[in-house]
Amino acid sequence: MRIDIITVLPDMFEPVLQASILGRAISGGAVDVAVHDLREWTADRHRTTDDYPFGGGPGMVMKPEPVHQALDAMVDLDPQPPFVVVMSPQGRPLDQALVRELAAHPRLVIVCGRYEGFDDRILSRADLEISIGDYVLTGGELPALVLVDSVARLQPGVLGCTESAADESFSDGLLEYPQYTRPAEFEGMRVPDVLLSGDHARIAAWRRRESVRRTAERRPDLIARAHLSPEEAEFARSIVEGSETHERD
Ligand code: JFH
C-alpha cells in the first residue's frame with residue numbers, strides 16, 4: 001500500500017519510519033511511505049500554514065489553502081483517489097477493526113495538523129477523522145505514526161506467519177494471557193507449573209482462562225462483546241460483579 005503524509009514537521013517521521021519492523025516493511029516494499037512538507041504548498045514569503053481564528057479565541061488554526069493544494073497534488077498523482085484521513089482529537093477512535101479497514105485501502109493520505117486544529121473547510125476534504133485516544137497531543141504527527149505502524153504490520157509479508165496467526169486468535173476480543181520466558185524462577189517469582197508441564201491441552205485451557213480473567217478485571221467493557229462460552233461468561237461475571245477472590249494456579 002501507498003501512504004502519503006502531509007505535515008509541517010516532516011523531520012519527525014524519518015527516524016521512526018526507519019526503525020524496526022516498520023522500517024523493514026518500508027524497505028521491503030510492503031508499504032511505500034512518502035512524507036510531504038505542507039510548506040511546499042504555501043505561496044507567501046513566510047510559508048504560512050496557520051492563522052488567527054475568526055471570532056477570536058486562543059491560539060491559531062491551520063489555514064485551508066495549503067492543505068487543499070497539497071490534497072489536490074496527492075489526488076493528481078493517481079487515477080484512483082486515495083482515502084483521506086485527518087488526525088484529530090474529534091475523530092473516530094482508532095481500534096483494531098478500523099486498522100483492518102484502513103489496511104485494505106491501496107492508498108491513504110494522512111493529514112497531520114498543528115496549532116489548535118483545523119479550519120473546518122479542511123475537514124470537508126477528509127473521508128474520515130481519526131483520534132488515537134482521549135488525550136490532547138500537540139499535533140497529528142504522533143497519531144499518524146501510530147496509524148502507519150498499525151496498518152503496516154497488517155500488510156502481507158510484514159509479520160512472520162506465526163505472529164499473523166496470533167492476531168487471528170485474539171480477534172475474539174479478549175486481552176492476552178500472561179507470558180513468561182526463562183528463568184523458571186526469578187527473584188522468588190515462579191512461572192506457573194502448568195506452563196512447564198508440556199501438557200498442551202492444559203496450557204491452552206489455562207491461557208484461555210487467564211485471558212478471560214484479565215479482560216474481566218481490567219477491561220470489563222470488552223466482556224460484553226467477547227465470544228465466551230456460558231462457563232466463561234459466568235466466570236467473567238463473577239469477577240466483574242463480585243469482589244470475592246478467584247483462584248490462580
Ligand atoms: C492536534 C490541539 C486541539 C484544542 C481540548 C479542548 C480544546 C491542541 C492538530 C489526536 C489525538 C490529537 C491531535 C491531532 C491533530 C492535531 C493539537 C488540538 C486543541 C483541546 C489544542 C492540532 C491534536 N488523539 N490527540 N490529539 N492538535 N482543544
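This briefing walks you through a ligand, the pocket around it and two unusual spots in the backbone. Keep in mind as you read that the model is predicted. The ligand takes up the space of the second largest pocket, and 18 residues surround the ligand. Strand β5 is a good place to start looking, as β5 gives the most residues both to the shell around the ligand and to the lining of that pocket.

**Who surrounds the ligand**

- Among the 18 residues around the ligand, the closest are Ser131, Ile132, Gly133, Tyr135 and Leu137.
- Strand β5, which covers residues 83-93, contributes three residues to this shell.
- Sorted by class, the shell holds eight nonpolar residues, eight polar residues and two charged ones.

**Polar contacts with the backbone**

- Look at Ile132 to find a backbone N or O atom that lies 3.1 Å from a nitrogen atom of the ligand.
- At Gly133, a polar backbone atom is 3.1 Å from a nitrogen atom of the ligand.
- Leu137 also has a polar backbone atom at 3.1 Å from a ligand nitrogen.
- On its own, the ligand would expose 600 Å², and the protein buries 76% of that area.

**The pocket itself**

- The second largest pocket encloses about 410 Å³ of space.
- Its lining is made up of 24 residues, and those closest to the centre of the pocket are Met87, Ser88, Pro89, Gly117 and Leu137.
- Leu137 is therefore a handy residue to click on: Leu137 is listed among the closest residues to the ligand and among the closest to the pocket centre.
- Three elements, β5, α5 (120-123) and β7 (128-131), each supply at least two residues of the lining.
- Of these, β5 gives the most, with four residues.
- The lining divides into eleven nonpolar, nine polar and four charged residues.

**Two backbone spots worth a look**

- As background, most residues other than glycine have a negative phi, and most peptide bonds are trans.
- Ser20 is not a glycine, yet Ser20 has a positive phi of about 60 degrees.
- You will find Ser20 in helix α2, which spans residues 20-27.
- The peptide bond from Arg182 to Pro183 is cis, and its omega is near 5 degrees.
- To locate this bond, go to the loop between α7 (161-169) and β8 (185-186), where Pro183 lies.

Terms used: Residues are numbered from 1 along each chain as its sequence is written. This is a predicted model: local features need pLDDT of at least 70, side-chain atom pairs count only at pLDDT 80 or more; totals for chains, interfaces and linings use all residues. Side-chain values use heavy atoms; hydrogens and water are left out. A residue is near a molecule or strand if one of its heavy atoms lies within 4 Å of it. A polar contact is a pair of N or O atoms within 3.5 Å; within protein, one must be able to donate a hydrogen and the other to accept it, and residues adjacent in sequence count only if both atoms are side-chain atoms. Accessible areas come from the Shrake-Rupley method with a 1.4 Å probe; for residues, only the protein chains shown count as cover. On a 1 Å grid over the protein atoms alone, a cavity is a set of points where a 1.4 Å probe fits but cannot get out, and a pocket is an open set with protein on both sides within 12 Å along at least five of seven lines; lining residues have an atom within 4 Å of a point. A molecule sits in a cavity or pocket if more than half of its atoms lie within 2 Å of its grid points. Ala, Val, Leu, Ile, Met, Phe, Trp, Tyr, Cys and Pro count as nonpolar, Asp, Glu, Lys and Arg as charged, and the others, Gly among them, as polar. Grid points are joined across faces, edges and corners, and a volume is the space filled by probe spheres set on the points.
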